[in-house]
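Reader: I am new to this structure and would like a close look at one part of it. Please start there and then set it among the neighbouring elements.

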Amino acid sequence: MELKDKNKTIVRFHSGIMTIGGTVIEVSYNKSRIFFDFGTEFRPELDLKDEKLDTLLENRLIPELSNVYDSRLSENLPVVADDFEDTAVFMSHVHLDHSKMINYLDPSIPLYAYEETEKLLKSLNRKGSFLIPSPFEEKNFVRPVTKVVKGEKVQIGQITVEMTPVDHDAYGASAFLIRTPDKFIVYTGDLRLHGHDAKDTINFCAEAKGCDLLMMEGVSISFSDNARELDVKTFTEDDLIETLVELELENPNRQITFNGYPANLKRFEKIIEKSPRTVVLEAQMAALLLDIFGLNVPYYYSFTKSEGEKLSILDESLEVPYDILLEDKGDYLWQVVDQHENLQDGSLYIHSDAEPLGDFDPAYAKFLDLLASKKIEFVRLACSGHARPRDLDKIISMIQPKLLVPIHTLKPENLDNPYGERILPQRGQKIIL
């Protein structure tokens, strides 16, 4: 740290600039610093040979950081002398572009997150296919997380961080209220106003009002310079559930299956609550709902007992045989996560923000071709986890920041700040407040 920067709040934008995802930002004051988040950019078109630390750095999917990564992962990491006495990482939510590389974090650096996020990470990584694995641990390893509760203020040297809930399509999502001795800084994480927990976002805005710096996601303004003019009524989570129920009622004698993104627990909960059919979930998803919500639901395994290990947490009386589901045409709405080739010809499949996510994923076209080969009707029911353009403006109006930095967007210039200044930083840039 340069002497002239002592006792000043410094923000470094390591990544997440001019792109969607992979946000890594550093806030430092004197000998204290924090980072958020710790994910990677999503670029499947690169078709990487592996996800080793050197490979990710070489392809700029993660930023170069001094004394933050596990030094055992590469001989190429520079040894940089610094005088930081306190370092920590905070994770806003479970989505991979915010969490994927946490196992590459130096084990001595604490990682803070909500308990819901920790539970989701462990569940989603149960097979070791969600997070990037550590070569020094078991495949399904999730590095230790220090759990934070709402309202708790975490002290990292001279920096105080309070995590506060926001509405997003990942359960347990949070924003950060960051205070140094001289500045009040806010990071939105990912948020919206059209989900089941919109009140959380509104409460966050009240807590953030008048901040010195607001770092705000802007996914919805990424794809058009006229995003606000195109911002017609957006599908809400309630709209999605209503449409799904209508599809069930319109197809009384037909096999109906669905899938969604597992981190969106509230959507699964509402589907179970509102569906006219009995909802049956894949066992891993059922275990997740039981663990987070204490909700026991019917479930199934798509393998025989000899092919895989069954989950002891689940009530055996609620298991539905896979063969029964394959033959069903009216009793069940069931989640299908693989083996789509086993579904009935001419059945209905509802794709609700599940993987593969869209045209940008090379697996998506192959997936659609498989369904078409069996004449399975594909219906996409999507609801964005990100605030629509007019709601971004509304959030800014509720917070009224002195300085706005749009991040997590392809077109940051499309977000304005009528209440103060705006900065459009470059990747790697630092600003001194």
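Which residues does P63 touch, not counting residues up to four places away in sequence?

Author: The model is predicted, so local features are given at a pLDDT of at least 70 and side-chain atom pairs at 80 or more, while totals for chains, interfaces and linings use all residues. Residues are numbered from 1 along each chain as its sequence is written, and side-chain values use heavy atoms, leaving out hydrogens and water.

Leaving out residues up to four places away in sequence, P63 touches H14, S15, V24, L57, Y69, M101 and R427; contact means heavy atoms within 4.5 Å. P63 sits in the loop between α1 (53-58) and β4 (86-90). Helices (H or I, at least four residues) and strands (E, at least two) are DSSP runs, numbered from the N terminus. P63 has 3% relative accessibility and therefore counts as buried. Buried means under 20% relative accessible area, exposed over 50%, and partly exposed in between, with a 1.4 Å probe and protein chains only. The C-alpha atoms of P63 and T40 are separated by 9.0 Å, with their positions 23 residues apart along the chain.

One contact of P63, R427, leads towards the end of the chain. I423 is placed in the loop between β19 and β20 (430-432). At 24% relative accessibility I423 counts as partly exposed. Beyond residues up to four places away in sequence, I423 touches L403, L404, V405, P406 and I431. Its C-alpha atom is separated by 7.3 Å from that of L403, 20 residues apart along the chain.

Four of these contacts, L403, L404, V405 and P406, bring us to β18 (403-407). Five of the five residues of β18 are buried, so the rest of the structure largely encloses this strand. Both of its faces are covered, with L403, V405 and I407 on one side and L404 and P406 on the other.

β18 belongs to an open sheet of seven strands, in the order β7-β8-β9-β10-β11-β18-β19, with mixed pairing. The edges are β7 (153-156) and β19 (421-422); each has a single partner strand, so one side of each lacks a neighbour in the sheet. Two strands pair if DSSP finds at least two bridges between them. β18 and β19 run parallel and are joined by two bridges, and in β19 the bridge partner of L404 is R422. α4 (198-208) packs on this sheet, touching β8 (159-165), β9 (174-179) and β10 (184-187), and its direction makes about 155 degrees with that of β8. Such angles run from 0 to 180 degrees between N-to-C directions, and the axes are lines fitted to C-alpha atoms, for helices over the stretch in contact. On the other pairing of β18, four bridges join it in parallel to β11, where M215 stands opposite V405.

α10 lies across β11 and β18, running at about 165 degrees to β11. The buried residues of α10 (389-399) are P389, D391, L392, I395, I396 and I399. Seen down the helix axis, they fall within an arc of 160 degrees, so they line one face of α10; the arc is that of the directions from the axis to the C-beta atoms. These buried residues pack against α4, β11 (213-217) and β18. Just after α10, Q400 takes a positive phi of about 50 degrees.

There is also an open sheet of six strands, ordered β14-β13-β15-β12-β16-β17, with parallel pairing. Its edges are β14 (299-300) and β17 (377-380), each with a single partner strand, so one side of each is left without a neighbour. β12 (256-260) and β16 (348-352) pair in the parallel sense over five bridges, with T257 opposite Y349 in β16. α5 (237-250) packs on this sheet, touching β12, β15 (332-335), β16 and β17, at about 175 degrees to β16. α6 (265-274) lies across β12, β13 (278-282), β15 and β16, at about 145 degrees to β13.

β12 also helps to line the second largest pocket, as do α3 (115-124) and α7 (283-293), each supplying at least two residues. α7 gives the largest share, three residues.
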